[in-house]
Amino acid sequence: MAPKTLHDKYVEAFKHKGGQVLSTKDIKSIMLWRFPEVASNSILPNDHGAGNKSACWCADTCYRVFDRVGRGKYRVMSGLGGGTPGTHWPKPGGKGGQGTGKSVPYSDITKIWDSDCETDWLQALCWYWTRVKKSNRDLEQELNSLDLSKAGDIKDWYSFLLCKYIPWKYTDSRYRSGVTSRFEGEYNDVAGIKRLDKIICQLFSSDHSVVACALGIAMQIKGLGVAGASGLLALLFPGYFGTVDQYVVKALCNVPTLPESDKLQAMNAKSLSISDAVVLVEIMRRKSECLNKIFHSTAWTPRKIDMVLWAMRK
Ligand SMILES: [Zn+2]
């Protein structure tokens, strides 16, 4: 079906460009090449980004098409089309917006978890973006579009962990400063950098199917506990890991149909052990496999399940 609204045309034109940074001029050319009938002066990327007075309904919601990253520069949102709903979807919060479909109540993981409707899951994934603080969105988008699939240069890893990963994972400044100083203290000389290099190499060569093994290696990085290590694994190997933390435990405790229900209730959510993490990651793996099977997809990963669970926290 041909896209009807200007917003839908943007989604169509940019859905394969998630993460790319484009200039206003690039955006105009792409739109006009794809939809020559659109008036050139109506192509205003910020209307589908942070927004202004007469912006599109998508502005400043998780449905937006762009993030403004500089003067006349915009990053295309990841997951447009496939992962981001169109105008026919209800807006987060169940208010309906321009939507006509039924909405699953916001934060109701019990209804999402056993849903076999992909729209429910995609919408829940979209809610993730509405719950990321505005000040963290740029970093979050950047981390989601990074290629972290290779071990690479250790100096790059050092700065990635210190300047990107730790600030992203530890949004609470009280924890962040402690983690940062432990990390910096441990890896502040040549010998330290060598130790970090060894850990990163081990991480990439470990058997990712064994949760406890990879987690144990990631936890050797000074400053990272179970939650911090799992978050790093989820970014590096999203097909194998999801982040485990108190939010995931609390969300899963609200799912009565899980066979691990008793184990979940018994967990100390604020101080998870490696064996708790194994249980949690296995649940996320099982769920993503199950969703891929019923939706004939390969797009669902444990990482996306953790994003849904985090978005569903009360
Ligand atoms: Zn729009």
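In strand 3, Tyr74 is the bridge partner of Arg68. The model containing this pair is predicted. Strand 3 spans residues 73-76. Four bridges join strand 3 to strand 2, and the two strands run antiparallel.

These strands belong to an open sheet of three strands. The strand order is 1-3-2, with antiparallel pairing. Strand 1 (21-23) and strand 2 (66-70) are the edge strands. Each of these edge strands pairs on one side only. From one strand to the next, the twist averages 40 degrees.

Helices were then examined against the sheet. Helix 2, residues 24-34, lies across strand 1 and strand 3. The helix runs at about 85 degrees to strand 1. Helix 2 also contributes to the cover over helix 1: what covers the buried residues of helix 1 includes helix 2 and strand 3. Strand 3 thus appears in three settings: it is joined by bridges to strand 2, crossed by helix 2 and part of the cover over the buried residues of helix 1.

Helix 1 itself comprises residues 6-14. Its buried residues are His7, Tyr10, Val11, Ala13 and Phe14.

At the level of the whole chain, the domain assignment gives two entries. Domain 1 covers residues 1-87, and domain 2 covers residues 90-314. The C-alpha centres of domain 1 and domain 2 lie 28 Å apart.

Definitions and conventions:
Residues are numbered from 1 along each chain as its sequence is written. This is a predicted model: local features need pLDDT of at least 70, side-chain atom pairs count only at pLDDT 80 or more; totals for chains, interfaces and linings use all residues. Domain bounds come from an automatic or database domain assignment. Two strands pair if DSSP finds at least two bridges between them. Axes are lines fitted to C-alpha atoms, for helices over the stretch in contact, and angles run from 0 to 180 degrees between N-to-C directions. Two residues are in contact if their C-beta atoms, placed from the backbone, lie within 7 Å. A residue is buried if 20 or more other C-beta atoms lie within 10 Å of its own, exposed if 12 or fewer, and partly exposed in between; C-beta atoms are placed from the backbone.
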